[in-house]
Structure formats: C-alpha cells, structure tokens
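Work through the exercises below with the sequence and the structure side by side. Each task is followed by a solution that goes step by step.

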Amino acid sequence: MGPRAREAALRRLAEDEFDVLVVGGGVVGAGVALDAVSRGLSVALVEARDLAAGTSSRSSKLIHGGLRYLEQLDFRLVREALRERGLLVTRLAPHLVRPVPFLLPLRHRVWERGYVGAGVLLYDTLGGARALPRHRQLSHSRALREAPGLRSDALVGAIQYYDAQVDDARFTMMVARTAMQYGACVTTRTKVTGFLRDGERVTGAVVGDLESGAELPARARQVINATGVWTDEIQRLAGASPGSRAVTVQASKGVHLVVPREKIRLDTGLILRTEKSVLFVIPWGPHWIVGTTDTPWDLDKVEPAPTRADIDYILEHVNAVLRTPLTHDDIEGVYAGLRPLLGGTGKQGGGSETVKLSREHAVIRPEPGLVIVAGGKYTTYRVMAKDAVDVAVAGLGQAVPTSVTERVPVIGAAGFEALRNNRRRLAGRAGLPVARVEHLLGRYGSCVEEVLALVEADAGLGEPIPGAEGYLKAEAVYAVTHEGALHLEDVLVRRTRVFIEERDHGLAAAPEVAALIAPVLGWDDDRVRAEIDAYRAGVEADLAAQREIDDAAANAVRLAATAPAQHVA
C-alpha cells in the first residue's frame, strides 16, 4: 500500500468496471471489500480520508459480546457477537485480538452474586467452544488482591470474566490489506462527490482524488455504502429526500481517557455500571483506557470534540471506586468517536426495501444498484459485511459463492504463533530486545519479518522514535511503504497511537517522523513543514476543545482552530 500502489489503484479505479464498489474505509467497509473479493468478485473501495479515520479508530477497542444485551434478553445478538469474538481470537486475527480479564464488582451480598453470576455463566455458555477462560467468583479479599486500587467499600465481592481487545485502527487497516492481497482495489483520500446512473439504476460513483484534485468515474455493477455516521449524507448525495430515506443513523459521542498504568493499581480490566450504561477501565500497554460517555451528537462528524464535561463525567464515575482518585493532570490523552446507532428503516414512501434487519444493523436496497449497510458494532463487522454482500450479489444476476471470510485469516495471522515461539531468534537477528519483538508481533503478526527487514537493511531504523519511544523508526517508514499512510497524521494517530499515548500528543516526535517518511512520499522541505504545522494545529484544537464545557462551544473552537491548517496536496 505504498505510493506507487496507490497510483496504480487510481488508474485501475478510473479504467475498470467493478462488480462491487464499496464506499467507506472503516471496519465494515474493509470487511465488505474482503468478503466480496474472497467470493471471486472484482472490488474497489474508496475512502474519503484515511482507513479507520472515523468511528473505527475511536472505539473502546473491545471485541465483546455485550453483557448488557443479556439483561434485554437478546440472546441471539450476544451469541452472534461471542461467536465472532471466538473466531477472531482463535482463527482470524490471533495476532491482533487477545483475551483480557475484566472484574465486575458486586455491591450486594446475596441476590446480585446469583443474578449477575447466572448472566455471566450464560455469557460463557453462549460463547461456545472454550476460546476464552471461564468466569470466576471472587470473595471481597480475593477481588482486592486482583484490584488493590479499588476502595474496600466499593464492593462486597466480584466476578471476573473474559472478553477481548483490539487496536481498532490497525485491525481495520489490516483487513483492507487482506482484501488487497486477494485483488481488491483500495484507495484513500478519495471522496465520493456524486453517483453515476443509468436511468434509475446506480452504476458507480464520481470520485475526487483529494491529493491531486483530479476527478474520476468509478463504475460498478453494485455500490455498497458503508459510511457509518455519514450514511445520511451519502443517501442525500444519491438524491434521496429526507422523507424517503431508506435508513437513518443517529450519531452518539463516546469519549475515552488514556492514563498511565501506574495511576490505577489493577491486575485486571474493570467494568462498572453507571446510571446510563457501563464504564470500562481497559489495559492498553503501559496505559489504561477509561470510558465511555454516550451522548447524542449532531455537529461536525469529522472531528467530534471531547469537552471538559465529558472528561469530568468519566473521572467522577471511575473515582467513585478508586482508592487514589485520578486528576486532570493524570490524563495523557483523550479521544472522541461517534457510534452509528441505527434509526428508522424500511419502506418510507420511496420504495426502499429492508432486506436484512437486526437490533444492531440493517442492510437496505433503496434503489437498483445501491446497497446500504448501517448500524452495528465493531465485533460483528464480518457478519454485517457478509449480509451486505449477500444483498449486492442478488443484484448481479449471476451465481456467486457464499461467504468464506470465517475461514480467511487477516494478513499477519498465518505463521504468527510459530514466529512468536521464535521471538528470541528474531530479536537476535535484528539486534533488538525480545520485549520489543514481542510488541512488534502484537502489531504486525507474521508481517513483522517485513518490518525487521527494514532494520536489517538500515540499523538506524531499529532505534526508537525520539518523543515516542514505544515505536521504532522502522514502523514509521513501514506505515507509508506497506500500510497506506499518506500524511503525518495517519502515522501518529492511526498506524501508531502516539497521539493518545504521549502527553504532548506526538508534537516532539512529529519532526522526526516527518523526516523519516518524506523520502518515501516525495515531500520537499516546504511540504514537511506544512505537515508538521497541520498536525500541531490539530493537537492544539483538541486541547482547546477540551477546555470548553459543552458540545457546541467545543465544536466551534475545534472547527475555528483547524480551518487554516487543512492538508496540502
């Protein structure tokens, strides 16, 4: 996914007619591209920004069944999500998705242990084969040994159960790379500005290359819209009036804090009930992720802004159970994302057809040649993708194989465990500490050999990035040669997580990273300075927004601060 591959993909996008054109490069769009291409279809995917730039890089980073759905008696939904969790952990992406224990504190001595325990037992049972360890009932003293940072009066005991965790942005990117491996044409910074039609039938899209300013037609027999919170905008672009839209999506803002690991004394993740939903404390390398909020959002969708009120809400709820409360000074990073919650669907005066509908997601065929997949959760992206392609295939008028993605590992999975067992040999060959190679294996899987090859060719790339010592210089180079990064922001925010992991949000690392990737991307000195300035403006805008108390003020501050610093082409 380097610059030359992008040029070839753009030529192909303009010249070929595809069976399926996917609009949107989040996890669902990437999953749709992989599902379709692995059935033997010709596939193109276009993304207006970067892979996972929206919701799919800003989640709680959990792969889970959703315990709360058991209380709503939605056993089918939980079973489906737990089956996907098992596939990801054991077969599809064991290098990227790993089990994590969570402690669920109990506040009542008798009824709650039985009630919650029965629910968690069902959670284990619905999960099927023993992909993750079973839950454990813990006494008060045993729970505090697992979580010495909790106040003694915050619980009378606990239940420990397992779910799984993922780096959401990396996973999305690697699903897209897997689709490319099988022949999909994937381009980023390519924005749909209109649709091609033959009478009433959608036959493709008009796509603007945001890097060059060129506009090109992307022709396809079926178009699948997988744009998440931008679903309504794409429907409007397709010509649907508000009253005839096939589906509506309500954006809900979720905010997370990142704090140092030593600030919360836990040997396990933590899940807390709140008056609205749940709050997680999730291990993230040498950090904790704490969140999330859940509030309606109808402002700018590109960069939803966290506010002082959001941060205070999270601190208040987590501090209610901590022996040593967190303060604003403990926060290393804050990020906000938008959940695409499913609104109305069905026949609303425009002849729309609800083809597949669940509590979580819907697949709609509003008009010939166009399929919309909306709603859903990260964990079940593969099911959503399968459902969307099933509907698109029905419009192709030809026999197409059924989905095979439950047996198609994500790139980096094949050979991962063998390489992990050989991590000491890999470390010796590259001249790196074993712990560093273990970290790389958890980010790249068997693709780690490509990263280590860069180090073997240039020993200097085996050095940590100044200002972001958790990452090697080789990782910045690899992000633009193999992972499709086109801008400094892509590397610091999504290919790595420097933006949320470093207290300065990567400002110290930015010049070094820009210098590393400039030769690959063909940047001159002016372009390097422009990229650094644009990144700094984004960081400053985020910090300014976090000082505001409400959404409207934070959104206005962020938009005003970033307006002069748009990326140069």
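The model shown here is a predicted one.

**Exercise 1. Find the helix that holds V451, decide whether V451 is buried or exposed, and list its contacts from beyond its sequence neighbours.**

Solution. Begin with the position along the chain: V451 belongs to helix α14, which covers residues 448-457. Next take the accessibility, which is 0% for V451, so that this residue counts as buried, the cut-off being under 20%. Then set aside the neighbours within four places in sequence, and the residues in contact with V451 are Y444, A474, E475 and Y478. As a last step, compare V451 with V206, which is 245 residues away along the chain: their C-alpha atoms are separated by 36 Å.

**Exercise 2. Do the same for T231: which helix holds it, is it buried or exposed, and what does it touch?**

Solution. T231 lies in helix α8, made up of residues 231-237. Its relative accessibility is 0%, and T231 therefore counts as buried. When residues up to four places away in sequence are not counted, T231 touches N225, V247, V249, I372 and A374.

**Exercise 3. Check the length of helix α5 against its expected span, and then find what its buried residues pack against.**

Solution. Helix α5 runs over residues 111-126 and has 16 residues, which at 1.5 Å a residue should span 22 Å; the end C-alpha atoms are 23 Å apart, and so the two values agree. The buried residues of α5 are E112, V116, G117, V120, Y123, D124 and L126. These buried residues pack against the helices α3 (68-71) and α4 (75-92), and also against the strands β4 (97-106), β5 (136-138) and β6 (157-166).

**Exercise 4. Describe how α4 and α5 pack, using the angle and the distance between their axes.**

Solution. Two packed helices are described by the angle between their axes and by the distance between those axes. For α4 and α5 the angle is about 55 degrees, and the axes are 9 Å apart. That angle makes α4 oblique to α5. On the side of α4, the residues in this contact are F75, V78, R79, L82 and R85, and they meet L122, Y123 and L126 of α5. Sorted by class, the contact of α4 with α5 has six nonpolar residues, no polar ones and two charged ones.

**Exercise 5. Examine the salt bridges R76 to E80 and E512 to K473, and state where the partners of each lie.**

Solution. The count of salt bridges comes to 44. In one of them R76 pairs with E80, with the closest N and O atoms 3.4 Å apart. Both R76 and E80 lie in helix α4, where they are four residues apart, about one turn of the helix. R76, at 41% relative accessibility, counts as partly exposed, whereas E80, at 19%, counts as buried.

Now turn to the side chains of E512 and K473, which meet in a salt bridge with an N to O distance of 3.6 Å. Because E512 lies in helix α18 (residues 510-521) and K473 in helix α15 (residues 473-481), this pair ties together parts that are 39 residues apart in sequence. E512 is partly exposed, with a relative accessible area of 26%, while K473 is buried, with 13%. Elsewhere, salt bridges that share partners join D50, R189, E489, D490, R494 and R495 into one network.

**Exercise 6. Compare the expected span of α18 with its end-to-end distance, and name what covers its buried residues.**

Solution. The twelve residues of α18 should span 16 Å at 1.5 Å a residue, and the end C-alpha atoms are 15 Å apart, which agrees. The buried residues of α18 are A510, V513, A514, L516, I517, A518 and L521. What covers them includes α1 (3-15), β20 (464-465), α15, α16 (488-495) and α19 (525-545). Just after α18, G522 takes a positive phi of about 75 degrees.

**Exercise 7. Locate R189 and H505, and give the phi of each.**

Solution. Most residues other than glycine have a negative phi. R189, however, has a positive phi near 55 degrees, and R189 is found in the loop between β7 (185-187) and β8 (190-198). H505 is not a glycine either, and its phi is positive at about 60 degrees; H505 lies in the loop between α17 (498-501) and α18. R189 counts as buried at 9% relative accessibility, and H505 is buried with a relative accessible area of 9%.

Conventions:
Residues are numbered from 1 along each chain as its sequence is written. This is a predicted model: local features need pLDDT of at least 70, side-chain atom pairs count only at pLDDT 80 or more; totals for chains, interfaces and linings use all residues. Side-chain values use heavy atoms; hydrogens and water are left out. Helices (H or I, at least four residues) and strands (E, at least two) are DSSP runs, numbered from the N terminus. Buried means under 20% relative accessible area, exposed over 50%, partly exposed in between (1.4 Å probe, protein chains only). Contact means heavy atoms within 4.5 Å. The expected span of a helix is 1.5 Å times one less than its number of residues. A salt bridge is a side-chain nitrogen of Lys or Arg within 4 Å of a carboxyl oxygen of Asp or Glu. Axes are lines fitted to C-alpha atoms, for helices over the stretch in contact, and angles run from 0 to 180 degrees between N-to-C directions. Angles under 35 degrees count as roughly parallel, over 145 as roughly antiparallel, 65 to 115 as roughly perpendicular and the rest as oblique. Ala, Val, Leu, Ile, Met, Phe, Trp, Tyr, Cys and Pro count as nonpolar, Asp, Glu, Lys and Arg as charged, and the others, Gly among them, as polar.
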